[in-house]
Amino acid sequence: MLDFEKLLNKSQLEAVLQTDGPVLVLSAAGSGKTRVITYRIANLIQKGIHPYNILAVTFTNKAAREMKERIFKIIGSNANGILISTFHSMCAQFLRDEAENIGLNKNFSICDSQDQKNIVKQCLNKLNLDDKKFIPNVISSLIGRAKDDMISASEYRSNAEKRGEFFFITVGEIYEIYQKTLEESQNLDFGDLQFKVVEMLENNPKILAKFQERFKYIMVDEFQDTNYCQYLMIKLLSGKYKNICVVGDDDQSIYSWRGANVENILNFENDFANTKSIKLEQNYRSTKNILKAADKLVKNNIERKNKTIWTENEVGEEIVYIQTQSEKYEAEFIAKEIQKLANEGYSLNEIAIFYRTNAQSRIFEEVFRNLGVPYILVGSIKFYDRKEIKDVLSYLKVIINPNDTINLKRIINLPARGISDKSIDLVESLQKDGDSFFDILTNIVMGAYTEEKVPNRLVKSIQKFHSMIIELMKNANKMTLREIINTVLEKTGYMQSLYEDNTIYKDSRIENVMELVSAAGDFEETFGDVSLEGFLEHTVLINDIDKLNNETQKVTLMTLHLAKGLEFPIVFLTGMEEGLFPNSKVDYDKNELEEERRLCFVGITRAMKKLYCLAAMQRKIYGMTKMHLPSRFLKEAGILDDIIDKQNNYINPYAKFDDYINKYDKQNNNNHYRYYEKGEKFNENKVFKKGERVKHPSFGIGTILDFYGRDDNKTVYIKFYNGIEKRLILKYAKLEKYISYLE
DNA sequence: TGAATCGATGTTTTT
DNA sequence: CATCGATTCA
């Protein structure tokens, strides 16, 4: 028996023991919510609840896996049968289990956001719409949001018609065709997985009753990130026994642009009668200094549940703020600092570097590679998103389900086998109701059409392709995953085409495809699942971060979004600049600034011992060098004061942004660090460069003409405004940079 | 059909 | 700056 009273603090204990009825756990960052969830599950099982009746939902596979590991560590095989899963994997599983009862093909494919975008593009073509006006990215995200909100295509359209909004009426039309395309190809997108489950539960009382009976106890992690559809699902599933425990933190809601609805957590008590609310406010992760900054920052948000976050941890080190000349020196500074930290005894996997946008990772990779800092980059281009991987996966999907037209069309002429886009159009024109694309191919092969309708040459090409697919389908049953993939690579000529490819991608593509084969092998070993279906589902629903393991001696690089749920002793928050973070693309009027601020809060609260905040004065964005002021968040968090001294003609960066930008000397690109720490003046500079204007306490303002010597003897040659030219020992000269914005 | 070139475009992205 | 996609050219 576990002694919960010893293992948990008062509120944690309360949350663990309160097993029945709706429970809302508001857990501040680092307050041990995973601990609560795992012990709560342990408690349920100890009380005699069968694990089969327990469901725990998370958002990432990593979180799910960690939770499983921790539970099995605590109570071992007693936990067998428990369902700990992400919303999406869980839904995919439900749908496959119930496929027959709801008229779904059990072998449906799941398409990712890239596929979604491509399908939208196809729909635009069909409807003859301008993709400048109806940007595929925007449309697919609108469709995604609609599904999150449980709005079907027809509803979407009729809603728009009621409002008389032309743009959205058209979006509705696209949505309708998009949905038809998916259905015909027996594909589900991420939104569908959940939408269909809710639909299934709403329309089939028997199925609903079965699920309700099974999941007597339900727990949801990161509840602030749930969307309306997920919320409904949870409400339905817990409808009978009402043993629903949700855990979340409204201050860490950073996915509203993905349909997450903070209201779900804010209104939980109103929506579930007799909710027991528990607050976890003691932080076990960070030092007082770090926590103070995070708390100070997030208090600037108006829309939040009021809570105090506190810790008994040590005060710890001051937060370090560094401003560098450019993004390159930002990276170099960090590299050197990492070296220092490593010498102090920190291991590299204790260090993380966060940034707002993926583009920022590039310079870190470059600098770290040059300086030999081992790093692991999480996110950005995901392995399974790569073209060559998607190609091979498309083949596999077609082998499982030849009616998957979306993927069939993707690979039918890849490598080229004489079935061009025109040929595809021709084949489609022969389509009759109920026929899939593959059915028509079969008909053509069977000789159902005359030479006039389908030219002989095309029939031959299609025959070859068709028999190849049939052959692969037959063999797939008898082979291991690895063998299947290897056979596909060989028989389809795809591997051959990679070798014949003479672009710069050749080597990496071959390498990646090999990697896929070994990933399939790993999958067989780890999951003991040898089914192709299982592997394919894994490839769509898994994310890079899921593979992140803490064993490797490498520094972690990732976006702030990916950082949620993780913790590191040392954290570097980079690119803390106005325009970048908060990002200038967010709509400040639509509360999106508050979400940026929460993102910053998430970043700060990842740090356990030491936090560095970095900003670059200038940064290349899309090839253009732009000047940036330090982020307002630094000021809000009390990390950076009003550092610009008005007496010295320096303006307050938070007051006159444009002035500062316009008048900054853009020629400035000498190679030195230019940084100052908290409390120091903006003009703190030990290094000067030729042509720069300086201010001397007695001689006044002048221009640097040249330098002589080095180190302590370094002499500077200055021509002052009153005509006097002087040679001065730099070390003793008490020079300041002189930058006037008032001229 | 494939290479080549031009030009538009670029916030974050659990699944 | 770098990438992707569409159009054009061979």
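Start with strand 18, residues 693–696. Strands here are DSSP runs of E, at least two residues long, numbered from the N terminus. Colour the two faces of strand 18 separately: V694 and H696 are on the covered face, while R693 and K695 are on the uncovered one. This is a predicted model, in which local features need pLDDT of at least 70, side-chain atom pairs count only at pLDDT 80 or more, and totals for chains, interfaces and linings use all residues. Residues are numbered from 1 along each chain as written, chains are lettered from A and ligands numbered from 1 in written order, and side-chain values use heavy atoms, without hydrogens and water.

**The sheet around strand 18**

Add strand 19, residues 700–708. A hairpin of three residues links strand 18 to strand 19. The two run antiparallel, joined by four bridges. Look for V694 opposite G702.

Now select strand 22. It runs antiparallel to strand 18, with two bridges between them. K695 stands opposite E736 here.

Zoom out. The open sheet has five strands in the order 21-20-19-18-22, paired antiparallel; pairing takes at least two DSSP bridges between two strands. Its edges are strand 21 (725–729) and strand 22 (736–737), each pairing on one side only. Strand 20 (residues 715–720) meets strand 21 through five bridges. There, V716 faces L728.

**The cores**

Next, select L441, I444, F465, I485, L516 and F535. Within the largest nonpolar core, of 50 residues, these touch the most other members. Such a core is a set of buried Ala, Val, Leu, Ile, Met, Phe, Trp, Tyr and Cys residues joined through side-chain atoms within 4.5 Å. Buried means under 20% relative accessible area (1.4 Å probe, protein chains only).

A second, separate core has 44 residues, among them L24, L83, C91 and M150.

Return to L441. Beyond neighbours within four places in sequence, its contacts (heavy atoms within 4.5 Å) are L408, I412, V427, I462, F465 and H466.

**The cysteines**

How many disulfides does the whole structure hold? Zero; the test is two cysteine sulfur atoms within 2.5 Å. Select C123: the nearest cysteine sulfur, that of C111, is 11 Å away. C123 is buried, at 0% relative accessible area. For C245, the nearest is the sulfur of C91, 19 Å away. C245 is buried too, at 1%.

**The DNA**

Finish at DNA strand C. Around it are K121, R362, Y622 and G623; near means a heavy atom within 4 Å. Of the strand C atoms within 4 Å of the protein, 53% belong to sugar and phosphate.
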